[in-house]
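I opened my notebook for this one and looked things up one topic at a time. Here are my entries, in the order I made them.

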Amino acid sequence: MLATLAAGSLFFPGLFVLSKRCLRRLPALRWGEADAVIVSARLVSSIQAIMASTAGYIIATSCDDIIEDQHWLTSSYILFAVPYFIYDIYAMFMCYWHKLQVKGHGSGPGTLTTALRSYLRREFLMVLHHVVMVTVCFPVSVFWRQGRGDYFQGCMFLAELSTPSVCLGKILIQYKQQHTLLHKVNGALMLVTFFLCRILLFPYLYWAYGRHAGLPVHLVPASLPWYCNLGAALLMAPQVYWFTLICRGALRLFRSRPRGGPPPGPAPPSSSSPGWGKDCEHSNANGYSALDREDTTH
């Protein structure tokens, strides 16, 4: 257990540092610190998502009995991936900090403390999500389950399928590529994968349990302990919120783009976060509202 935790603790921060150095030193790129940090954070998130999705597919397809069947990869990947959520809180803050640096707000007394407070306010939901994953979901998944329900855990891993398209979308917005075909295709893929893997996932899990127990799906919630329903509701709520932001941004993107040119919005190529400039102050580092820059201003 400790060896797996240690491996994850070294892998994700190490991959971040390696990626950042490569992006800064490759002759064809020679990116600045801010660009390298932002893109490296998104690259690590995408790699973790691919690994989690692969593990989830292997686990889910290996379980015939969705309650009793076990797969060694379930607990092993949970132990390996839990340090990622701790690392990602730091990585998101570094992205936010470099955003302030580029905007000219990164110097002066008390700036780091002020930036940290501002970051926690703006990214409260995402930081809370990561903290809950470490302090609640980790012990529940590894210890409380007692080896049961690996199939459901594998399905939960598959929720990460939407993350690479979210990260790519943020990079395209960062470099003002909203007018490209790639951005359109990626946006459609993001909507589909997010809806299937993060919204429909929870009704599917109830349906799968109902089929196993011989119950119609509408009777499944009443047959489960209250804490199972509460946990599912708490996990699903932020996904619904983020999905509404994506949908609103996508609708505005396709309705308001002027013909023959990119959509409005200051996002110079030298920036290091979606919506750099005026709108950057109101965008989330997690990127779920990256397409929703105007409606989230307040």
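Which residue does the side chain of Arg24 meet in a salt bridge? I looked it up, bearing in mind that this is a predicted model. The partner is Glu33, and I noted 2.6 Å from N to O.

**Entry: salt bridges**

I stayed with Glu33, since Lys20 also forms a salt bridge with it. Here the closest N and O atoms are 3.3 Å apart. Glu33 sits in helix H2 and Lys20 in helix H1, and I wrote down that this pair links distant parts of the chain, 13 residues apart. Lys20, Arg24 and Glu33 are therefore entered in my notes as one network of salt bridges.

I then asked how open these side chains are. Glu33 is partly exposed at 25% relative accessibility. Arg24 falls in that class too, with 39%.

How many salt bridges does a search of the whole structure find? I got five. Another of them is made by Arg148 and Glu68, with 2.8 Å between the closest N and O atoms. Arg148 lies in the loop between H5 and H6, while Glu68 lies in the loop between H2 and H3, so this pair ties together parts that are 80 residues apart in sequence. Arg148 is partly exposed, with a relative accessible area of 44%, and Glu68 is partly exposed as well, at 43%.

**Entry: aromatic pairs**

Next I turned to the rings. The structure holds 19 aromatic pairs, and I picked out two.

I took Phe11 and Phe12 to begin with. Their ring centres are 5.1 Å apart and their planes stand at 80 degrees. The pair counts as edge-to-face because that angle is over 60 degrees. Is each partner buried or exposed? Phe12 is buried, with a relative accessible area of 0%, whereas Phe11 is partly exposed at 31%.

Then I looked at Tyr84 and Tyr87, with 5.9 Å from centre to centre and 50 degrees between the planes. I filed this pair as tilted. Both tyrosines lie in helix H3, which covers residues 72-103, and they are three residues apart, about one turn of the helix. Tyr84 is buried at 6% relative accessible area, and Tyr87 is buried at 5%.

Which residues do ring pairs link into a cluster? My list reads Phe11, Phe12, Phe16, Tyr77, Phe80, Tyr84, Phe85, Tyr87 and Phe157. Both of the pairs I had picked appear in that list.

**Entry: the largest nonpolar core**

Tyr77 and Tyr87 came up again when I moved to the largest nonpolar core, which has 41 residues. Together with Val44 and Tyr151, they touch the most other members. I checked which elements give two or more residues to this core, and found helix H1 (2-25), helix H2 (33-62), H3, H5, helix H6 (150-157) and helix H9 (201-213). H3 gives the most, with 13 residues.

**Entry: the surface patch**

From the core I went out to the surface. A nonpolar patch of about 1,200 Å² is made there by Phe124, Leu125, Leu128, Val132, Val136, Val140, Trp144, Trp226, Tyr227, Leu230, Leu234 and Tyr241. Which elements give two or more residues to the nonpolar patch? I found helix H5 (124-144) and helix H11 (226-256). H5 gives the most, with seven residues.

I looked up one member more closely. Leu234 is found in helix H11. Its relative accessible area is 58%, so Leu234 counts as exposed.

**Entry: cysteines**

My last lookup was for disulfides. How many are counted? The count comes to zero, with the sulfur atoms of a pair required to lie within 2.5 Å. I still noted accessibility for two cysteines. Cys22 is partly exposed, with a relative accessible area of 37%, and Cys228 is partly exposed at 29%.

Technical notes
Residues numbered from 1 in each chain as written. Predicted model: local features only at pLDDT ≥ 70, side-chain atom pairs only at ≥ 80, totals over all residues. Heavy atoms only, no water. Patch = residues over 30% accessible without salt bridge, like charges linked within 9 Å, V, L, I, M, F, W, Y side chains within 5 Å. Areas by Shrake-Rupley, 256 points an atom, 1.4 Å probe, with all protein chains shown as cover. Salt bridge = Lys/Arg side-chain N within 4 Å of Asp/Glu carboxyl O. Helix = DSSP H or I, 4+ residues; strand = E, 2+ residues; numbered from the N terminus. Buried < 20%, exposed > 50% of the residue type's maximum accessible area, 1.4 Å probe, protein only. Phe/Tyr/Trp six-rings, centres within 6.5 Å; stacked < 30°, edge-to-face > 60°. Core = buried A, V, L, I, M, F, W, Y, C linked by side-chain atoms within 4.5 Å.
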